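Trainee: I'd love a close look at one part of this model, a strand and the space around it. Could you walk me through it?

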Amino acid sequence: MKKTIAICSMLISFFAFGQEQSSSKQFWENLKKHYGKSYEGVVTEGADNDAFRNKKLVMHIRNCDETAIRIPFFVGDDKSRTWVLTYKDDRIQLKHDHRLEDGSEDKVTQYGGTTTNSGSPALQFFPADQQTTDLIPYAASNVWWITIDETSFTYNLRRIGSDRLFTVKFDLTKTAATPSAPWGWKD
């Protein structure tokens, strides 16, 4: 009888553990909860003369499925930026899709990186990948990270070996008006 109870306990814990979501999957699901919503943000870290500081900043979680989340990031009237997150093999990739006003790709686009581990449900790090290094050599030491909790989403950039630090924080407690499509997209 004791042996049967021990085996049953072991099987129950095995199946319970096997069904637990990884930290990266929990992060992904936390972000997906905001699908279709827009939020305003403010620069909390960055140079005093940063061009983003005096502009309206809005993120819109516009497209979302099991493997891709696209978040246009508007800086005033500039609709050129979209953060593209891709989930594959328990890792998340961040790419920056930059477009010109006519919708064509900017010459500096598709840079970013992929997480090296599963991170945490509230935090994911993206060190610069080889494509970024080849495209923007001075960005080889970039590390981006995104945080999300019940009240805020932050997008962050640190250039290791320099004093370059940028953070924009979005208030998730109140939605903003949904903006029109970013450059290169259709409503």
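Trainee: To set the scene, what percentage of the contacts in the chain with a separation of 6 or more do residues 24 or more positions apart account for? And then, which strands pair with β10?

Mentor: Residues 24 or more positions apart make up 45% of those contacts, a contact being heavy atoms within 4.5 Å. Keep in mind that this is a predicted model, where local features need pLDDT of at least 70 and side-chain atom pairs count only at pLDDT 80 or more, while totals for chains, interfaces and linings use all residues. Residues are numbered from 1 along each chain as its sequence is written, and side-chain values use heavy atoms, with hydrogens and water left out.

The chain holds 3 helices and 11 strands; these are DSSP runs numbered from the N terminus, of at least four residues (H or I) for a helix and at least two (E) for a strand. In sequence order the pattern is α-α-β-β-β-β-β-β-β-β-α-β-β-β. Of the 187 residues, 41% are buried, that is, under 20% relative accessible area (exposed is over 50%, partly exposed in between, with a 1.4 Å probe and protein chains only).

Now to the strand itself. β10 covers residues 152–159, and 7 of its 8 residues are buried. On one side of the pairing story is β9 (residues 142–148), which runs antiparallel to β10 and is joined to it by 7 bridges; strands count as paired when DSSP finds at least two bridges between them. Across that pairing, Trp145 faces Asn156 of β10, and a hairpin of 3 residues links the two strands. The other partner is β11 (residues 165–171), again antiparallel and with 7 bridges. Here Tyr155 has Val168 as its bridge partner. The hairpin between β10 and β11 has 5 residues between the strands, and Gly161 in it takes a positive phi near 85 degrees. As a reading aid, side chains in a regular strand alternate between the two faces of the sheet.

Tyr155 also takes us to the largest pocket, whose volume is about 400 Å³. His98, Tyr111, Tyr155, Leu157 and Arg164 are the closest to its centre among the 21 lining residues. A pocket here is an open set of points on a 1 Å grid over the protein atoms alone, reachable by a 1.4 Å probe, with protein on both sides within 12 Å along at least five of seven lines, and a lining residue has an atom within 4 Å of a point. The volume is the space filled by probe spheres set on the points, which are joined across faces, edges and corners. At least two lining residues come from each of β5 (78–88), β6, β9 and β10. By type, the lining has 12 nonpolar, 4 polar and 5 charged residues; Ala, Val, Leu, Ile, Met, Phe, Trp, Tyr, Cys and Pro are nonpolar, Asp, Glu, Lys and Arg charged, and the others, including Gly, polar.

His98 leads on to a loop residue. Val108 sits between β6 (91–98) and β7 (111–114), and beyond its neighbours within four places in sequence it touches His98, Leu135 and Ile136. Val108 counts as partly exposed because its relative accessibility is 32%. Its C-alpha lies 9.1 Å from that of His96, 12 residues away in sequence.
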